[in-house]
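Trainee: Before I use any labels, I want to know what stands behind them. Can we go through them one at a time?

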Amino acid sequence: MKLPELKFDASGLIPAVIQEVDTKEVLMVAYMDKEALRRTIETGFTHFWSRSRQTYWKKGETSGCVQEVKEIYYDCDADTLLVMVKQHGQGACHTGNRTCFYRKIDFKDIK
């Protein structure tokens, strides 16, 4: 498999923004290295590198809330991925929410 010339950081990682292909909801952000990206492309389901656990993980492996990959884009600087997925199950967030971005900063509360 020949990947485009992507720019991985000093730890060999690249951020991946995961977006629902139908609703355009941003579901989560995680990190991939070349191996996680290879696994994602080969299986058709998202795989990531866990910075805290220092291991690979397939999204939804234990919960059943897997992400079926439809398309993968990379940005103009080639240092961020946008992965368009069909989210299966209740959602992407480990808290049980549909998306990891369920909290909002209320500008009027900031002084």
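Mentor: We take the labels in turn, each with its cut-offs. This is a predicted model, where local features need pLDDT of at least 70, side-chain atom pairs count only at pLDDT 80 or more, and totals for chains, interfaces and linings use all residues. Residues are numbered from 1 along each chain as its sequence is written, and side-chain values use heavy atoms, with hydrogens and water left out.

Trainee: Why is the contact of Arg-38 with Glu-35 called a salt bridge?

Mentor: The term asks for a side-chain nitrogen of Lys or Arg within 4 Å of a carboxyl oxygen of Asp or Glu. The closest N and O atoms of Arg-38 and Glu-35 are 2.4 Å apart, so the pair qualifies.

Trainee: What makes side chains pair like that?

Mentor: Opposite charges can pair when their charged atoms come close.

Trainee: Where do Arg-38 and Glu-35 lie?

Mentor: Both are in helix α1, residues 34–43. They sit three residues apart, about one turn of the helix. Helices here are DSSP runs (H or I, at least four residues), and strands are too (E, at least two), numbered from the N terminus.

Trainee: Which salt bridges link Glu-35, Arg-38, Arg-39 and Glu-42 in a network?

Mentor: Besides Arg-38 with Glu-35, Arg-39 meets Glu-35 at 2.9 Å, N to O. Arg-38 also meets Glu-42, at 2.3 Å. Arg-39 and Glu-35 are four residues apart in helix α1; Arg-38 and Glu-42 are also four residues apart there. The whole structure has eight salt bridges.

Trainee: How do you know whether Glu-42 is buried or exposed?

Mentor: Buried means under 20% relative accessible area, exposed over 50%, partly exposed in between (1.4 Å probe, protein chains only). Glu-42 has 55%, so Glu-42 counts as exposed.

Trainee: And why are Arg-38, Arg-39 and Glu-35 called partly exposed?

Mentor: Arg-38 has 27%, Arg-39 has 28% and Glu-35 has 23%. Those values fall in between the two limits, so the label is partly exposed.

Trainee: What makes Val-29 eligible for a nonpolar patch?

Mentor: Patches take residues with over 30% relative accessible area and no salt bridge; like charges are joined within 9 Å, nonpolar side chains (Val, Leu, Ile, Met, Phe, Trp, Tyr) within 5 Å. Val-29, in strand β2 (residues 26–32), has 41%, so Val-29 passes the area limit.

Trainee: Which residues form that patch with Val-29?

Mentor: Val-26 and Phe-101. Together the three have about 250 Å² of accessible area (Shrake-Rupley method, 1.4 Å probe; for residues, only the protein chains shown count as cover).
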